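This report introduces a protein structure to a reader who has not met it before. The sequence and the structure are shown first, and the description follows.

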Amino acid sequence: MERQQELNLIDELLELKANKSFYLDEQVGRSATRHYASADRYAEEQNHIFRRQPHAVALSTEINEAHDFVRRNIPGLSVLVTRTKDGAVRAFINACRHRGTRLVDDEAGCKRRFTCPYHAWTYSAEGDLIGAPHFDEGFTELEKSQLGLVQLPCTERYGFIWVSPHPDRAFDIDAMMAGLAPDLEGLGIGDMVIAEQTVMDRGANWKILVEGGIEAYHFKVAHRSTIGPYFEDNLSTYQTFGPNMRSILPRVSMGELSQETREKWRLRDHANVLYTLFPTTQMLVQQDHIVWIRSEPLAADRTRLHLSTLVVREDAERTEHWQRNHAITMKTLDEDFVIGESMQSTLTSGANDEMLFGRFEGALTAFNDTVNKALSKATTRP
Ligand code: FES
Ligand SMILES: [Fe+2]
């Protein structure tokens, strides 16, 4: 993050705190409950958001060496990501070109070649079809060179591997992250590894789970026995960068900064900084580590979450420390997810046609504007 911006963000929060005021949008926001419950709406999001927008599917350090690979799911699509012998990253639809069997079922590993479990068509890490039993006799009109795995545009940037879910949809990650490049570079995720990871399925719409992290209105209530006491009551700010967002959720300790010289001010020591990178990536930046939340929507009312504690490589040996930290994060996030499931359970009860977002919950309004804009753009396209 640019230093001047960091100081400005702290100044803004200290001023709001001093005036006992909140960071307020102009108006109350509203979001239709059917947008969280309807299968049709989910199908639209699937087709026009999840199957169009690039996703951060892995850390670069997860496939460090030549021939390392991971298998990942983008909603509705199994993806194979490989590191070639030249060190480049490639992504493919994880489907054999013969009759479509999933080529790889292992979650991760290191392999020079991938052999289909059905009839043993075999592909290189570059995606080329390099072997197929009795090919010349059985597939006379066909060329192996035309039957490589279907490649997906992908790039390595800011420590992540980003994959487009559509073979024909290339993307410019720097343009997509415009305004956030200094923040993302400053996080140093390229040198980080996963210290701890939890994967869980929750009974809530993916948007409810995102919304649960970007307001501080609930902190003193829902988190009263965990992190609540350490955070300011209902104090948070947010900034949008195209479809992406940065939320700042200050701890009570930020108040002490008025006694310190400005040179010593460091935002992440006194606030949770949460990046929401549209659509499925969130990064919760804490003092000495980052929690990466990769959301994998499964249905209107079901979401798989991959929650990883990222730490700098040299620090990864402090196993017990990170286990403890990860457990605390999971306990706190579980409080949010249980509430999210509770909300999901009343969506079709008839109690509410709309969710209401108070003026201090403006980040939720902005997030839903982004979702709605992505859908309306998609539907007006010829
Ligand atoms: S489906 Fe893969 S080899 Fe037949
Ligand atoms: Fe929360």
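## Strand pairing around β12

Two strands are said to pair if DSSP finds at least two bridges between them. The model described here is a predicted one. In it, strand β11 (residues 154-157) is joined to β12 by 4 bridges, and the two run antiparallel. One of the bridge partnerships links Glu156 to Ile161 in β12. β11 and β12 form a hairpin, with 2 residues between them.

β12 (residues 160-163) is also paired with strand β2 (residues 55-59), in the antiparallel sense and over 4 bridges. Here His55 has Val163 of β12 as its bridge partner. Which residues cover the two faces of strand β12? Phe160 and Trp162 lie on one side, Ile161 and Val163 lie on the other, and all of these are buried.

## Overall dimensions and composition

The protein contains 11 helices and 20 strands. Its radius of gyration is 23 Å, close to the 21 Å given by the globule rule for 382 residues, so the protein is as compact as a globular protein of that length. Taken along the principal axes, the C-alpha atoms fill a box of roughly 80 × 50 × 35 Å.

Of the 382 residues, 51% are buried. Among contacts with a separation of 6 or more, 62% are made by residues 24 or more positions apart. The protein exposes about 17800 Å², of which carbon and sulfur atoms supply 47%.

## The seven-stranded open sheet

An open sheet is formed by 7 strands in the order β13-β19-β18-β17-β16-β15-β14, with antiparallel pairing. Strands β13 (192-202) and β14 (237-241) stand at the edges; each has a single partner strand, so one side of each is left without a neighbour in the sheet. From one strand to the next, the twist averages 15 degrees.

At one edge, β14 is joined to strand β15 (residues 244-250) by 5 bridges, and the two run antiparallel. Phe241 has Asn244 in β15 as its bridge partner. Helix α10 (residues 319-346) packs on the sheet and touches β13, β18 (290-299) and β19 (302-312). The direction of helix α10 makes about 25 degrees with that of β13.

## Two buried strand residues

Val57 lies in strand β2. Its relative accessibility is 1%, so Val57 counts as buried. Apart from neighbours within four places in sequence, Val57 is in contact with Arg72, Ile74, Val81, Ile161, Val163, Trp292 and Arg294. Val57 and Arg72 are 15 residues apart in sequence, and their C-alpha atoms are 6.6 Å apart in space.

Thr281 belongs to strand β17 (residues 281-285). Is Thr281 buried or exposed? Thr281 is buried, because its relative accessible area of 2% falls under the 20% cut-off. When residues up to four places away in sequence are not counted, Thr281 touches Ala56, Tyr275, Thr276, Trp292 and Ile293. Trp292 thus appears in the contact list of Val57 and in that of Thr281.

## Backbone features in the loops

Most residues other than glycine have a negative phi, and most peptide bonds are trans. Three places in the loops are described against that background.

His67 is found in the loop between β2 and β3 (68-74). Its phi is near 75 degrees, a positive value in a residue other than glycine. At 10% relative accessibility, His67 counts as buried. Tyr158, in the loop between β11 and β12, has a positive phi of about 55 degrees although it is not a glycine. Tyr158 is buried as well, with a relative accessible area of 8%.

Where is Pro279 placed? Pro279 lies in the loop between β16 (271-277) and β17. The peptide bond that joins Phe278 and Pro279 is cis, with omega about 0 degrees.

## Cysteines

How many disulfides are counted? With a disulfide taken as a pair of cysteine sulfur atoms within 2.5 Å, the count comes to 0. Cys96 is buried at 6% relative accessibility. Cys116, with a relative accessible area of 5%, is buried too.

Terms used
Residues are numbered from 1 along each chain as its sequence is written. Chains are lettered from A and ligands numbered from 1 in the order in which they are written. This is a predicted model: local features need pLDDT of at least 70, side-chain atom pairs count only at pLDDT 80 or more; totals for chains, interfaces and linings use all residues. Side-chain values use heavy atoms; hydrogens and water are left out. Axes are lines fitted to C-alpha atoms, for helices over the stretch in contact, and angles run from 0 to 180 degrees between N-to-C directions. Contact means heavy atoms within 4.5 Å. Buried means under 20% relative accessible area, exposed over 50%, partly exposed in between (1.4 Å probe, protein chains only). The radius of gyration is taken over C-alpha atoms; the globule rule is 2.2 Å times the number of residues to the power 0.38. Accessible areas come from the Shrake-Rupley method with a 1.4 Å probe; for residues, only the protein chains shown count as cover.
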